[in-house]
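Trainee: I have this one open and want to go through how the pieces pack. Can we start with the helices?
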Amino acid sequence: MGTSQPARWAALARDTNETKIALALNLDGGDFPPDTDARLLSDGEGHASQASKSQKIAVNTGIGFLDHMLHALAKHAGWSLALQCQGDLHIDDHHTAEDCCIALGYTFAKALGSPAGLARFGYAYAPLDEALSRAVVDLSNRPYSVIELGLKREWLGKLSTEMVPHCLQSFAQAARVTMHIDCIRGDNDHHRAESAFKALAVAIRMATSKVEGKEGEVPSTKGTLTV
C-alpha cells in the first residue's frame, strides 16, 4: 500500500456586516472536512447542486448566475464544494459576489497548502457553442490577474456583468495565484462567461495536479514559492 497523502480540504465561516458565508472545499472531490458547518451538509436540493460518486456540489449565494458559474468551476475542476451566503442583496449584488469569491479563494489556498510536488502551471481552452475562452494559471503565491471577457450586457440574470471579471479577480487575489483569462470569441455573454469559468476550472485542475516523481520538490528555480 502507498503512503497516504494529507487531504487537500478546508472549511471556512466568514461573517461580516455585509455577508455571512459558510464554505467547504475538497480539491480532490469526495467528502468534506470534519469541521464543515452542518448547515452545508443538508443543502443538496438547489439549482446549483449535484452529487456523484466522485463529487458533491451545493452552491447557494442568492445570485443564480453566480451559483451557475461556481457550480461549473467546481464541477470541471474536480472539486467538492459547498457554499452558502446570506448577503445584503437589498443593496446590490456587489458585496455578495465579491465576498463569495474572496472566501473561495482563501479556502482554496488553505486547502492547497504547499505547492511542492505539483505541476504549478495550468492552461486550458474551453468552448461553449460559439464562445471560446482560454485560461492560464500559475500557483505563484503572487496574486495577479488579467481578465478580458468582452462582455457587453448589463446583467446576466441578477449578476451585474461588471462583477464577472471582478469575481475572478477577487478569487485570484485571495487564492494568491496568477491568472490570465481571455474570451477569444463569442456572441452570447452567457456563453462567454461560462466558457471562461470552465477554462479556468480545467487550468486549475492541471496546475494543482500531482507530478509523479516530483514529490516534495518545489516547482521553482528559487526553491520557494512563499513570500
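Mentor: Helix H2 (residues 64-77) and helix H3 (residues 94-112) pack at an angle of about 15°, and their axes are 11 Å apart. That angle makes H2 roughly parallel to H3. Bear in mind that this is a predicted model.

Trainee: What hand is the crossing where H2 passes H3?
Mentor: H2 passes H3 in a right-handed crossing.

Trainee: Which residues of H2 and H3 meet there?
Mentor: From H2 there are Leu-66, Leu-70 and Leu-73, which meet Ala-97, Cys-100, Cys-101 and Leu-104 in H3. By class, the contact of H2 with H3 has 7 nonpolar residues, with no polar and no charged ones.

Trainee: And how does H2 pack with H5?
Mentor: H2 and H5 pack at an angle of about 30°, with axes 7 Å apart. H2 is therefore roughly parallel to H5. The crossing of H2 with H5 is right-handed.

Trainee: Which residues make that contact between H2 and H5?
Mentor: On the H2 side they include Phe-65, Met-69, Leu-73 and His-76. On the H5 side, Ala-193, Glu-194, Phe-197 and Arg-205 are among them. The residues of the contact of H2 with H5 divide into 12 nonpolar, 3 polar and 3 charged.

Trainee: His-71 is in H2 too. Is His-71 buried or exposed?
Mentor: His-71 is buried, because its relative accessible area is 14% and the cut-off for buried is under 20%.

Trainee: What is His-71 in contact with, leaving aside neighbours within four places in sequence?
Mentor: His-71 is then in contact with His-47, Ala-48, Ser-49, Gln-50, Ile-57 and Val-59.

Trainee: Switching to the sheet. In what order do the 4 strands come?
Mentor: The order is S6-S7-S11-S8, in an open sheet with mixed pairing. Strand S6 (121-128) and strand S8 (144-148) stand at the edges with a single partner strand each, so one side of each is left without a neighbour in the sheet. From one strand to the next, the twist averages 10°.

Trainee: In what sense do S6 and S7 pair, parallel or antiparallel?
Mentor: S6 and S7 pair in the antiparallel sense over 8 bridges. Leu-128 stands opposite Ala-131 in S7. The two strands form a hairpin with 2 residues between them, and Asp-129 in the turn has a positive phi of about 55°.

Trainee: Which side chains of S6 are buried?
Mentor: Gly-122, Ala-124, Ala-126 and Leu-128 point to one face and are buried. Phe-121, Tyr-123, Tyr-125 and Pro-127 point to the other face and are not buried.

Trainee: Why do they alternate?
Mentor: In a regular strand, side chains alternate between the two faces of the sheet.

Trainee: What about the side chains along S8?
Mentor: They alternate as well: Ser-145 and Ile-147 point to one face and are buried, whereas Tyr-144, Val-146 and Glu-148 point to the other and are not.

Trainee: How many bridges are there between S8 and S11?
Mentor: S8 and strand S11 (residues 178-185) pair over 5 bridges, in the parallel sense. Ser-145 has Met-179 in S11 as its bridge partner, and Val-146 stands opposite His-180 in S11.

Trainee: Which strands does helix H4 lie across?
Mentor: Helix H4 (residues 163-175) lies across S8 and S11, and runs at about 165° to S8. Helix H5 (residues 189-207) also packs on the sheet, where it touches S6, strand S7 (131-138) and S11. The direction of H5 makes about 150° with that of S6.

Key: Residues are numbered from 1 along each chain as its sequence is written. This is a predicted model: local features need pLDDT of at least 70, side-chain atom pairs count only at pLDDT 80 or more; totals for chains, interfaces and linings use all residues. Side-chain values use heavy atoms; hydrogens and water are left out. Two strands pair if DSSP finds at least two bridges between them. Axes are lines fitted to C-alpha atoms, for helices over the stretch in contact, and angles run from 0 to 180 degrees between N-to-C directions. Contact means heavy atoms within 4.5 Å. Angles under 35 degrees count as roughly parallel, over 145 as roughly antiparallel, 65 to 115 as roughly perpendicular and the rest as oblique. A crossing is left-handed if the near helix is turned anticlockwise from the far one by less than a right angle, and right-handed if clockwise. Ala, Val, Leu, Ile, Met, Phe, Trp, Tyr, Cys and Pro count as nonpolar, Asp, Glu, Lys and Arg as charged, and the others, Gly among them, as polar. Buried means under 20% relative accessible area, exposed over 50%, partly exposed in between (1.4 Å probe, protein chains only).
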